[in-house]
Protein chains: 2
Amino acid sequence: MTQKEAIEYTINLAKKATDNEIRPNPFVGAVILDPEGQIMGEGFHQKIGGPHAEVFAIEQALQKTTDLSRATLYVSLEPCSHYGKTPPCADLIIQHKIKKVVIASLDPNPKVAGVEILKANGIEVVIINELKSKFLNARFFTNQIKKRPYFILKFASTIDGKIADYAKSSKWISNASSRQFAHDHLRSNVDAILTSYKTVIEDQSSLTIRNGHGEIKETNVIVIDKELVLLQEQFATLPIFYARTKSKIIFITSAAPAFQLPENITIVIGEFNEKGLVFSSVSSQLLELGMYKILTEAGSQLNSNLIDQCVADEMYWFIAPSILNDSSALSMLGINTTRALGNKVSLSLIEVKTLEEDVVLHYRFK
Amino acid sequence: MTQKEAIEYTINLAKKATDNEIRPNPFVGAVILDPEGQIMGEGFHQKIGGPHAEVFAIEQALQKTTDLSRATLYVSLEPCSHYGKTPPCADLIIQHKIKKVVIASLDPNPKVAGVEILKANGIEVVIINELKSKFLNARFFTNQIKKRPYFILKFASTIDGKIADYAKSSKWISNASSRQFAHDHLRSNVDAILTSYKTVIEDQSSLTIRNGHGEIKETNVIVIDKELVLLQEQFATLPIFYARTKSKIIFITSAAPAFQLPENITIVIGEFNEKGLVFSSVSSQLLELGMYKILTEAGSQLNSNLIDQCVADEMYWFIAPSILNDSSALSMLGINTTRALGNKVSLSLIEVKTLEEDVVLHYRFK
């Protein structure tokens, strides 16, 4: 196996875990090759709290030989150097006198100084700036570097970008397969769904995960509600408050309420301007609450603000084969601003999918 | 070959021609099978003025045997019964005593009464209502039944459906591959490009077909220009008027001009209402001018009107991986109306394509 192949191999190993199994940790894969390029051991980070990829790889290699002094360890992310839930991997590498370590990308966590420690102990270190590893860990890097949750935007619109008609009716624009996909692949793979109190009222949404066979799973919800409108008595019967015993509702508001709150409701105080929430004001609070990856299901204002404030990371766009052709219908995006074409927001196309006649476009914000 | 297979076969034969070779004629394929289901002869309509599919098939079969009295002819469209540029196919079928004729779809042309004549002559006739044949000849059927040109809409927009920024700048939203695709596959395959005088001025467009290697081909242009603004002296230097020696510019206006016009300019008088042109008022005039298939490259108003008046037939939508997120930018669609979700315009998805990171969605209006 060449170096390039070995790095690819570690990335593919890393992908054997799912984000739900490891979040907030990164995806990591590791492989140990002998001087002939043959695999001695391999592993990947399988679950939060469990051993790191390097540990699996080294243990497997040690079953074959106790001498790793001519071996090279390839790993998709810089080995850790601190005591977290497990002891530092850098120490393990040093202890077993591994000759060389090739790293696909550095760990942005300031506590991780694996490279320095390895070098200080005479181990040859090669760092590759592998984009695939960065994309794989986009959520982790965003959490670590930008100190904020990773935001995935979801839209379901007509061809002309309308998410509801002039009377705010939106049931249904996308087809049943698209809606099920959103439950199975989007709602199921995040820490919370972010929405606005207006959407909760208008859509009478329960914001749960339905598997299409009658089973309902809970998920956390974050509601932007500056004046805590939803906590008014008249809204106590909204579906969102029901069948929610294992999950939280986090209200983002401008001031703490004076009254006592039910146990599953959490208050986060944020700053608001004329356009809405200033997301940076709640970033660290949301991370502390374990909200590392958030899916938005909301109207134009919330999504437009996320994009305008450069905190949108990915988007899934379900395009139904229909046109409203009505300028009074609700658009999926658009705020009051004047943005020249030269300043457009750029995205990368990740995947194109069709679900019957709905088209699903999956983008990454650049 | 079964009947179903034979019909599929005729449709695939028909597709060997291109619309440019046969327009305004329909695509037609024909195959003759012996009682064992073996092919005796086949053919397709290859070019306008040339022999029909049935003629090719019968001639080929006659090379093998003069006795077609046990043979079945499968044809994707009802055989003609009138003298056009060629003699009637129905006569040929009767002359050669073909036993049975299976027709995928009837010809909407009232001059065509092939079925009646065949039956009157004792030939067994089976008519299948084959959707594939209807879709294949969508342009022909629209011309014949709706007595109007077939309209293909082209849009190039951002993800949020903007075709230009607030300052009307639109160069370039789609990428070079998308623009070349539009020249090679859209502009090259129609009788004219339809646009508005505003777009001609704003885009300074020449509306020619450029092959990407410096070669320029002409194509007809239809400009909606109620007041004949473009014929004012100040616009005489617009690119659209140059290098146009073999093609026409058709102006759709509300009244004939009093002044003399250059030879390559044609005037069509149409009715206008507060939203713009009433397309039905110019349908037959455009057909008479040989405008059977028209591509629109225009702004929101013209395209929205076509959709609102139910004269849009197909659309190609080039989606660039960018967002303007600006409600003052120009939208690709939208007129002043209130259309409930239940009355949405429905389309069928024909094809999804990616050109680098642009996505191209091809739809048929239902």
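## Strand 11 of chain B and its neighbours

B:Ala192 has B:Asn220 as its bridge partner in strand 11 of chain B. This pair belongs to a parallel arrangement in this predicted model, in which five bridges connect strand 8 (residues 192-196) of chain B with strand 11 of chain B. Strand 11 of chain B is also paired with strand 12 (residues 249-253) of chain B, again in the parallel sense, over four bridges. Within that second pairing, B:Val221 is placed opposite B:Ile249 of strand 12.

How many of the five residues of strand 11 (residues 220-224) of chain B are buried? Five of the five are, and the strand is mostly covered. In a regular strand, side chains alternate between the two faces of the sheet. Strand 11 of chain B shows B:Asn220, B:Ile222 and B:Ile224 pointing one way, while B:Val221 and B:Val223 point the other way, and all are buried.

## The ten-stranded sheet across two chains

Strands 8, 11 and 12 of chain B take part in an open sheet of 10 strands with mixed pairing. The order is 18(A)-20(B)-21(B)-17(B)-6(B)-16(B)-8(B)-11(B)-12(B)-13(B). Strand 18 (322-323) of chain A and strand 13 (265-269) of chain B are the edge strands; each has a single partner strand, so one side of each is left without a neighbour in the sheet.

The strand from chain A enters this sheet through strand 20 of chain B, with which strand 18 of chain A pairs in the antiparallel sense over two bridges. In that pairing, A:Ile323 faces B:Val345 of strand 20 of chain B. A pairing also links strand 20 (residues 345-355) of chain A with strand 18 of chain B: the two run antiparallel and are joined by two bridges. There, A:Ser346 is set opposite B:Ser322 of strand 18 of chain B.

## The contact between the chains

On the side of chain B, 42 residues are in contact with 42 residues of chain A. Helix 11 (300-308), strand 18 (322-323), strand 20 (345-355) and strand 21 (358-365) of chain B each supply at least two residues of the side that touches chain A. Strand 20 of chain B gives the most to this side, with seven residues. By class, the side of chain B that touches chain A comprises 20 nonpolar, 15 polar and seven charged residues.

Chain B superposes on chain A by a rotation of 180 degrees with 0.0 Å of shift along the axis, at an RMSD of 0.1 Å. The two copies are thus related as by a two-fold rotation axis. Which residue of chain B comes closest to the rotation axis? It is B:Gly161, whose C-alpha lies at 3.2 Å. The same surface serves both copies, since 100% of the contact residues of chain B recur in chain A.

## The largest nonpolar core

In soluble globular proteins, nonpolar side chains tend to be buried together. The largest nonpolar core of this model has 122 residues. The residues with the most contacts inside this core are A:Ala192, A:Ile222, A:Val223, A:Trp317, B:Ala192, B:Ile222 and B:Val223. Of these, B:Ile222 and B:Val223 point opposite ways from strand 11 of chain B.

Leaving aside residues up to four places away in sequence, A:Trp317 touches A:Phe155, A:Val360, A:Leu361 and B:Ile159.

## The five-stranded sheet of chain A

Chain A has an open sheet of five strands in the order 2-1-3-4-5, with mixed pairing. Its edge strands are strand 2 (39-44) and strand 5 (124-127) of chain A, each pairing on one side only. Neighbouring strands of this sheet are turned by 15 degrees against each other on average, direction ignored. Strand 4 (residues 100-103) and strand 5 of chain A run parallel and are joined by four bridges, and A:Val101 has A:Val125 of strand 5 as its bridge partner.

Two helices lie across strands of this sheet. Helix 1 (residues 3-14) of chain A lies across strand 1 (29-33), strand 2, strand 3 (72-75) and strand 4 of chain A, at about 140 degrees to strand 1. Helix 3 (residues 53-62) of chain A lies across strand 1, strand 2 and strand 3 of chain A, at about 150 degrees to strand 2.

## Helix 7 of chain A

Helix 7 (residues 138-145) of chain A has as its buried residues A:Arg139, A:Phe140, A:Phe141, A:Thr142 and A:Asn143. These pack against helix 2 (19-22), helix 6 (131-136), strand 6 (150-157), helix 10 (283-288) and strand 16 (293-296) of chain A. A:Lys147, which follows helix 7 of chain A, has a positive phi near 50 degrees.

Notes:
Residues numbered from 1 in each chain as written. Chains lettered and ligands numbered in written order. Predicted model: local features only at pLDDT ≥ 70, side-chain atom pairs only at ≥ 80, totals over all residues. Pairing = 2+ DSSP bridges. Axes fitted to C-alpha atoms, helices over the stretch in contact; angles between N-to-C directions. Contact = placed C-beta atoms within 7 Å. Nonpolar A, V, L, I, M, F, W, Y, C, P; charged D, E, K, R; others polar. Least-squares fit on C-alpha atoms with pLDDT ≥ 70 in both. Core = buried A, V, L, I, M, F, W, Y, C linked by C-beta atoms within 7 Å. Buried ≥ 20, exposed ≤ 12 C-beta atoms within 10 Å, placed from the backbone.
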